[in-house]
Amino acid sequence: MKTGKPRVLLLSARSGAGHVRAAEALEKAFLARGDSTVEHIDALDYVSKLFERAYDKAYLAMVRRAPEWMGVLYERTDQPWRHLRPRLALDRLNTRPMIRLLKRVQPDLCVATHFLPAEMIAWLIAKKKLRARNAIVVTDYDVHAMWLCRTVDRYYLALEEAAEYLAHIGMRREKLRVTGIPVDPLFAVPLPRGRAREQLGLDQEATAILISAGGYGIGPVEQLVKNLLELERAWQVVAIAGKAEKTRKRLEELARAASRLPSGAPRLAAVGFTTEMDKYMAAADLMVGKTFRLTERYQLEFRAEAFNV
């Protein structure tokens with residue numbers, strides 16, 4: 001019989017920075033409560049090497065180099081409740097280390113922010129090899145078929161439309177909660193624009209345009225920056241390249257070639273991967289990039305239900 005604090009296991013996957021960041025935000029929320037022991041793992045550390053490359057590097061390469069084919073693949077695989085057995089068989093074959101970890105740890109609550117660990121947790125519970133409560137936090141605004149599992153206690157969703165869709169395809173409504181996508185609590189802390197700009201070394205007076213391509217630097221960042229610089233307006237462009245080092249270096253070249261603001265400050269600030277997005281957003285007048293929704297309701301509902309799903 002277990003004693004002590006309930007054990008929470010958060011499972012993300014680095015094939016997209018949003019999955020990891022959502023899990024990190026949840027980790028901070030659970031730690032702030034102080035009524036559980038919390039561990040956050042990257043599921044791709046517990047799969048075969050070939051599978052890891054396919055999930056991580058191949059996915060990013062396709063998104064960057066052939067986004068149209070990625071769109072086709074996304075649409076073709078978005079068929080609810082179909083192809084579950086073949087996919088599960090493939091995933092079971094390649095996630096044996098993850099399965100062993102889950103069976104050994106036997107957490108009280110599993111929270112998956114990626115569909116791969118969500119699927120394996122659901123399967124282990126169905127086979128009565130895992131006794132944990134199972135919660136899935138969908139880190140997209142839409143719910144792709146890959147997120148669908150049978151043995152789930154709760155889905156946490158970004159939009160009401162997502163809940164309606166899941167209910168339409170057979171998911172029981174009592175399992176669905178619309179909470180928004182979890183974000184770091186730092187984004188809820190007000191930061192004066194002037195102070196944020198001072199800390200980041202940005203011009204205090206110029207209109208600041210923030211361009212973000214996400215943690216992995218996906219999207220036409222360079223072209224957007226070039227177009228803005230060609231307009232020769234008195235604004236400062238801040239471009240976040242994420243982990244795309246080639247993009248960051250090309251942006252730095254553009255920054256060196258660009259003219260300066262009347263104050264003498266550079267018109268373009270090229271930034272690589274950063275954990276200070278809260279500061280950059282506070283400093284900006286306009287942001288171009290991926291959106292998210294921060295809701296106090298998310299934190300309140302998730303905390304209230306964490307062990308009563």
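**A six-stranded sheet and its surroundings**

Tyr156 stands opposite Arg177 in β6. In this predicted model, that pair is a convenient place to start, for Tyr156 belongs to strand β5, which covers residues 154-157. Strands β5 and β6 run parallel and are joined by 3 bridges.

The side chains of β5 can be followed one by one. Arg154 and Tyr156 point one way from the strand, while Tyr155 and Leu157 point the other way. All four residues are buried, whichever way they point. Arg154 also leads to the next strand, as this residue is the bridge partner of Ala135. The link between β4 and β5 consists of 3 bridges, and these two strands again run parallel.

Stepping back, the strands met so far belong to an open sheet of 6 strands, whose order is β2-β1-β3-β4-β5-β6, with parallel pairing. Two strands stand at the edges, namely β2 (37-42) and β6 (176-178). Each of them has a single partner strand, so one side of each is left without a neighbour in the sheet. From one strand to the next, the twist averages 20 degrees.

Further along the sheet, strand β1 (residues 7-12) pairs with strand β3 (residues 109-112) in the parallel sense, over 4 bridges. Within this pairing, Leu10 has Val111 in β3 as its bridge partner. A helix also packs on the sheet: α6, made of residues 115-126, touches β1, β3 and β4 (133-137). The direction of α6 makes about 160 degrees with that of β4.

Another helix, α4, spans residues 84-94 and contains Arg87. Is Arg87 buried or exposed? With a relative accessibility of 15%, Arg87 counts as buried, because the limit for that class is under 20%. Leaving aside residues up to four places away in sequence, Arg87 touches Glu119, Ala145, Met146 and Leu148. Of these contacts, Glu119 lies within the residue range of helix α6 (115-126).

The surface offers a feature of another kind. Leu224, Leu286 and Val288 form a nonpolar patch there, and together these residues have about 220 Å² of accessible area. Val288 is placed in strand β10, which takes in residues 286-288. Val288 counts as partly exposed because its relative accessibility is 33%, whereas Arg87, at 15%, counts as buried.

Terms used: Residues are numbered from 1 along each chain as its sequence is written. This is a predicted model: local features need pLDDT of at least 70, side-chain atom pairs count only at pLDDT 80 or more; totals for chains, interfaces and linings use all residues. Side-chain values use heavy atoms; hydrogens and water are left out. Patches are made of residues with over 30% relative accessible area and no salt bridge: like charges are joined within 9 Å, nonpolar side chains (Val, Leu, Ile, Met, Phe, Trp, Tyr) within 5 Å. Accessible areas come from the Shrake-Rupley method with a 1.4 Å probe; for residues, only the protein chains shown count as cover. A salt bridge is a side-chain nitrogen of Lys or Arg within 4 Å of a carboxyl oxygen of Asp or Glu. Buried means under 20% relative accessible area, exposed over 50%, partly exposed in between (1.4 Å probe, protein chains only). Contact means heavy atoms within 4.5 Å. Two strands pair if DSSP finds at least two bridges between them. Axes are lines fitted to C-alpha atoms, for helices over the stretch in contact, and angles run from 0 to 180 degrees between N-to-C directions.
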